[in-house]
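Here are some short exercises to work through with the model open in your viewer. Try each task before you read its solution.

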Amino acid sequence: MVNLLFAYICISGLQQSHIKVVAFTSAPNLSYATFAKGGVSLKPTELRVGSVIPEKEARDTNPSTKFGSPLSDSVKDLNKFAIGFLKGNLFDNIFSGEDRSYARFYALETIARVPYFSYLSVLHLYETLGKWRKAKYLKLHFAESWNEMHHLLIMEELGGNERFADRFVAQHVAFGYFALVVFLYMINPVEAYNLNQEVEQHAFTTYDEYLKQNAEMLKTKPAPKAAIDYYIEGDMYMFDEFQTECEMRRPKITNLYDVFVAIRDDEMAHVKTMERLQTEMDYSSMNDGECQLP
């Protein structure tokens with residue numbers, strides 16, 4: 001696995017070395033980047049009215065524009081292949097069986113927290129060295145890790161961490177993944193965000209398939225206390241902080257099915273955030289007061 005990750009880093013780095021940003025431009029409510037390779041213009045989905053900043057400030061908008069460079073389609077395809085390969089050859093084999101779903105989700109959530117810790121570590125380093133400071137990105141990535149932590153608490157309450165072997169695999173993969181993401185984020189934040197986009201997309205798909213296959217069973221089981229504490233009785237400020245769309249999400253939790261629906265939807269929120277952080281658009285959350293909600 002170490003050799004696979006090393007080869008992946010080398011190939012990814014070679015692919016990125018042929019890419020150069022020609023220009024970042026902005027217009028009302030729309031932003032796009034033009035890339036030298038093939039002259040391709042990519043137009044990300046609109047983030048928020050007022051989120052696009054003047055062109056002269058675009059280079060300092062977020063970690064991707066400050067320290068990163070755009071990815072070619074081949075690098076994005078490589079990320080997708082790498083995550084699919086590891087999922088199919090590692091997780092699908094280790095966590096196969098009818099009674100292994102919660103263990104699988106425990107491992108998934110243990111690993112899913114890691115990229116946000118990596119982002120925070122690098123951003124704290126840049127701030128300490130006086131290289132760059134944007135506190136709201138620290139807040140965003142902490143809110144994302146806070147969300148994933150509660151997913152992990154739910155899986156632990158369901159018994160997903162009962163076996164030593166499952167804890168051993170999840171924790172050691174997470175340790176190596178942390179180092180990999182720190183390395184990628186320091187080289188090119190766009191690469192790190194794109195890789196995590198694929199990880200979160202796989203998480204969404206995994207939960208969505210599980211819900212479709214086990215809907216009736218899940219609706220007969222009560223919601224774990226950790227889910228009620230987080231989604232119903234907890235302070236929703238941190239929950240709102242990682243919602244980067246003008247949509248007030250308040251999950252309804254009455255049974256275990258509702259819990260998995262909420263977790264699945266959280267993963268899609270992470271996918272959308274990771275996608276947008278690869279552009280020059282400035283990040284804002286539900287707590288920034290820019291949304292006009294009913």
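**Exercise 1. Decide whether N196 is buried or exposed, and place it in the fold.**

Solution. Keep in mind that you are looking at a predicted model.
- Start with the relative accessibility of N196, which is 0%.
- The cut-off for buried is under 20%, so N196 counts as buried.
- Next, find its element: N196 sits in helix 8, residues 189-219.
- Finally, look across to I83. The two residues are 113 residues apart along the chain, yet their C-alpha atoms are separated by 9.2 Å.

**Exercise 2. Work out how many helices and strands the protein has, and in what order they come.**

Solution.
- Count the elements: there are 11 helices and 3 strands.
- Now walk from the N terminus: the order is α-β-β-β-α-α-α-α-α-α-α-α-α-α.
- For a feel of the whole chain, 51% of the 294 residues count as buried.

**Exercise 3. Work out how helix 5 runs relative to helix 6, then do the same for helix 4 and helix 11.**

Solution.
- Take helix 5 and helix 6 to begin with. Their axes come within 9 Å and cross at roughly 155 degrees.
- An angle over 145 degrees counts as roughly antiparallel, so helix 5 is roughly antiparallel to helix 6.
- As for handedness, helix 5 passes helix 6 in a left-handed crossing.
- Now turn to helix 4 (residues 101-112) and helix 11 (residues 256-276). Here the axes come within 14 Å and cross at roughly 30 degrees.
- Under 35 degrees counts as roughly parallel, so that is the label for helix 4 against helix 11.
- The crossing of helix 4 past helix 11 is left-handed.

**Exercise 4. Find the nonpolar surface patch that includes L129, and say where L129 lies.**

Solution.
- The patch is made of L125, L129 and M186, with about 280 Å² of accessible area together.
- L129 belongs to the loop between helix 5 (114-128) and helix 6 (135-157).
- Check its exposure: the relative accessibility of L129 is 61%. Exposed means over 50%, so L129 qualifies.

**Exercise 5. Go through the salt bridges and sort the partners by burial.**

Solution. Side chains of opposite charge can pair when their charged atoms come close. The structure holds 9 salt bridges, and we'll look at a few.
- R133 and E127 pair up at 3.7 Å, N to O. R133 is exposed at 61% relative accessible area, while E127 is partly exposed at 26%.
- E241 pairs with K139, with the closest N and O atoms 3.8 Å apart. This pair links distant parts of the chain: E241 is in helix 10 (residues 237-241) and K139 in helix 6, 102 residues apart. E241 is buried at 0% relative accessible area, whereas K139 is partly exposed at 30%.
- D266 and R249 meet in a salt bridge at 2.8 Å, N to O. They too link distant parts of the chain, with D266 in helix 11 and R249 in the loop between helix 10 and helix 11, 17 residues apart. Both D266 and R249 are buried.
- To finish, look for a network: D208, K212, R264 and D265 are linked by salt bridges.

Technical notes
Residues are numbered from 1 along each chain as its sequence is written. This is a predicted model: local features need pLDDT of at least 70, side-chain atom pairs count only at pLDDT 80 or more; totals for chains, interfaces and linings use all residues. Side-chain values use heavy atoms; hydrogens and water are left out. Patches are made of residues with over 30% relative accessible area and no salt bridge: like charges are joined within 9 Å, nonpolar side chains (Val, Leu, Ile, Met, Phe, Trp, Tyr) within 5 Å. Accessible areas come from the Shrake-Rupley method with a 1.4 Å probe; for residues, only the protein chains shown count as cover. A salt bridge is a side-chain nitrogen of Lys or Arg within 4 Å of a carboxyl oxygen of Asp or Glu. Helices (H or I, at least four residues) and strands (E, at least two) are DSSP runs, numbered from the N terminus. Buried means under 20% relative accessible area, exposed over 50%, partly exposed in between (1.4 Å probe, protein chains only). Axes are lines fitted to C-alpha atoms, for helices over the stretch in contact, and angles run from 0 to 180 degrees between N-to-C directions. Angles under 35 degrees count as roughly parallel, over 145 as roughly antiparallel, 65 to 115 as roughly perpendicular and the rest as oblique. A crossing is left-handed if the near helix is turned anticlockwise from the far one by less than a right angle, and right-handed if clockwise.
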